[in-house]
Amino acid sequence: MTGSTGQYETHTGGGRKLRRLRHLRHASPGDLSSPYWRATRRLAVGVVVTWAIVALALPLASEQLDAVSIMGIPLGYHFGAQLGLIVIAVLMLLATRRQHRHDRNFAGEHRLPLPDAATPSRQPAEAQ
Amino acid sequence: MSNLDRGPAPALTPTTSAMAMAADGLSGAIVLGLVGTLAALGHDGLALLLGIAGGWLLSITLVAPHLHHAGRFGTTAFVARRFGRTAAVAAGLIAAMCVAVLLAAEFKALALVSRVAFGVEPTVALAAAAVAVVVLALAARADSVTRMQALLYIPLAAALAVPIVLPALAAVGVPVPQLTYGAVLQSIAALELKLLGEELADPVTLKAYLRPFTSSTPAASLLVTLSLALGLAVLPHLLQRPTHAASAHRARLTLALGFVFLLLAMLALPPLAAAARHGLLANLVGADVSQLPDWLRALGAAGLAQVCGVDAVSVEAVRTACAALPDAPTRLRLHDIEIARDATLLALPGLSGLPMFLVPVLAAAIGAAALAAAVWLVTALRDDLAVPGGHAGEAGKATAALATLVAMLVVVAAATWAATDPADLMTMLAWGLALAGAGLAPAVVAGIWWHRATAAGAVLGMLAGFALTAYYIVATRYFAVPFYETWAAFSNAGFGAVADFEAARDVWAAADGAERTAAAVLLDTEARRVANWWGLRSIGSGVLGAGLGTLVLLLVSAVTPRPSGSARLLIERLRGGAKDA
């Protein structure tokens, strides 16, 4: 990690024009993003969006869901009292497993993109 | 790397930490508050459960593992590293205030159970609890508190399971409450109709247990869920265990397992609340006024149960009060009986005819959970505040001493505030989480996910968010009359409520002497009904502050120079691959 930092420092010696254009480059140091971080971010966004649908949006439709009953419990109520909570627990366990797989896939790789190498070797991993 | 680390990895397994976290998530105040609120609000209370679950989920995806990755930081330590000293002081103060509010709820829960089950005076119980928490938090190390709480999880979960497993066993011969839960809910709906038919319930005040959005609008429910989730995701006492795990994976595992443990017990809370509601409707409403059960009189003596507007201390008092009502009921009607929300769980054995030995059993389990949670809140706060600078030697010692001092002040403030009985337990807990969601969540989340977030943006964002939510909570609770008069145009109160408020104001203006004090109390009660912005409940006001805080953070960060130096190093480290997988 300290190594990559050092290389980054030398790279910032570039001109002002380069710095202005830097945000256009995908794996630029200005973006501070690595394939590992992008994979992590994708997973996090997926989990949070799923949660927002399950825990924020669906309860708004409780009245409609209540038309159906499971074992005598209206579905809308069941959802808030049991089902939705169980879905969230499963989501957390799945996310944990998925992230663990990411962690292993990226273990030993560069922790940051190196400035000039366009890092073609990491492209397949990122595309997963 | 060593300069960013906080110390040697502890030897606790994810399972131990997870059980401790679950016990923390089932702290006395949470259990009593949730059961009471669920029983009172029915369907609308479920937004709270979804909010709690959401907090764990946001923590596991957006916060905890990343703080671990950055160097096993707690909330304040992370803010210190990422945004510098000023931001750390702001974050530390906000965290301390949020913890004080949550702690006050635990103290109140402790006072309540010792009053009901063991007849201890509230002031004595509060003082004893404060002393015990100070002593234990000073003496205990974080990992011993964790072990203690992990052990506590099992009796606590068992104590919560018994009152719903016993009836299921009696009804269908199988100890699975899920089999009878549906029947209980259906029975509640049928009883509501029956009582309305017999004029034992008031059609204006009765809220159908299974119908959604009777006590809050859909948007207000959503905001409550979101507000709880945001606050829970960034609070130091929930983050400390995962961020001290041996690896980032273990940090996630701790949280995920913790939630599974929590859920095992939390799934018992809606059935417990339904059982209490059912018992109230089936066994107490419609009873003869002169036949008050013993347990109700015990609650009445503790000031937790009122019948016909007076504390239900004796049959004589109640009979006189009921006879004095305009329609002089001879049978108890639903709106004649008022059992304090927070005492619902302790009233459950009496309400549904369960063996009464359950009351002290539940009280002991809940009291122990509340005490342990209080100790953990203080320990975690102390440890969270102690290391922001990460200094060694003299400076580190001074920071640690200051952190201990702040933690002790928080205990005193919380116990003092709890003695004034500010609100019901769930409201107090939700206030603490709303303040955390408004003050800490934008800065912590942006610090991890947005490399462009700057120190100035974080400081101003935290202060603006916290101030707005704190204003909303304090003003609607303690200064409802001026709040309503300032913001009357924003209130969503109906004509009836506004007319009641104006009538109360006229009475207050005309009264003098002792009458004026009584009129002021009435005026305040009426004002609290109408004082709001667009129907937003104070327990959901965290979203308001978080929104403002995020906006300020974005705008200020955009016009201040990019973070550099150590903040930049921290972001690189945070976003680097998983070396410890």
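In which sense do strand 1 and strand 2 of chain B pair, and over how many bridges? In this predicted model, strand 1, made of residues 305–307 of chain B, pairs with strand 2 of chain B in the antiparallel sense, and two bridges join them. Within this pairing, Gln306(B) stands opposite Asp311(B), a residue of strand 2 of chain B.

These two strands belong to an open sheet of three strands in chain B, with the order 2-1-3 and antiparallel pairing. Strand 2 (310–311) and strand 3 (337–339) of chain B stand at the edges with a single partner strand each, so one side of each is left without a neighbour in the sheet.

The chain as a whole can be considered next. Chain B has 25 helices and three strands. Its radius of gyration is 25 Å, close to the 25 Å that the globule rule gives for 581 residues, so chain B is as compact as a globular protein of that length. The C-alpha trace of chain B spans about 75 × 60 × 40 Å along its principal axes.

Burial and contacts add to this picture. Of the 581 residues of chain B, 59% count as buried. Among the contacts in chain B with a separation of 6 or more, 81% are between residues 24 or more positions apart. The surface that chain B exposes comes to about 21,100 Å², and carbon and sulfur atoms supply 67% of that area. Chain B also carries 35 positive and 33 negative charges, and the mean positions of the two groups are 15 Å apart.

Single residues show how such totals look at one place. Leu67(B) lies in helix 3 of chain B, which covers residues 46–71. Is Leu67(B) buried or exposed? With a relative accessible area of 0%, Leu67(B) falls under the 20% cut-off and is therefore buried. Leaving aside neighbours within four places in sequence, Leu67(B) is in contact with several residues, including Phe73(B), Phe78(B), Leu239(B), Thr243(B) and Ile448(B). Leu67(B) and Ala77(B), 10 residues apart in sequence, are 9.4 Å apart in space, taken from C-alpha to C-alpha.

Another contact of Leu67(B) in that list is Arg72(B). Arg72(B) lies in the loop between helix 3 and helix 4 (75–83) of chain B. Its relative accessible area is 17%, which counts as buried. Arg72(B) has a positive phi of about 50°, although it is not a glycine.

Ala328(B) also has a positive phi, near 35°, in a residue other than glycine. Where is Ala328(B) found? Ala328(B) is in the loop between helix 14 (315–324) and strand 3 of chain B. Strand 3 of chain B is one of the edge strands described above. The relative accessibility of Ala328(B) is 36%, so this residue counts as partly exposed.

A last example is in helix 21 of chain B, residues 480–487, where Pro482(B) has its place. Pro482(B) has a relative accessible area of 42% and is partly exposed. Pro482(B) and Thr123(B) are 359 residues apart along the chain, and their C-alpha atoms are separated by 31 Å.

Conventions:
Residues numbered from 1 in each chain as written. Chains lettered and ligands numbered in written order. Predicted model: local features only at pLDDT ≥ 70, side-chain atom pairs only at ≥ 80, totals over all residues. Heavy atoms only, no water. Helix = DSSP H or I, 4+ residues; strand = E, 2+ residues; numbered from the N terminus. Rg over C-alpha atoms; globule rule 2.2 N^0.38 Å. Buried < 20%, exposed > 50% of the residue type's maximum accessible area, 1.4 Å probe, protein only. Contact = heavy atoms within 4.5 Å. Areas by Shrake-Rupley, 256 points an atom, 1.4 Å probe, with all protein chains shown as cover. Lys, Arg positive; Asp, Glu negative; His and termini not counted. Charge placed at Lys NZ, Arg CZ, Asp CG, Glu CD. Pairing = 2+ DSSP bridges.
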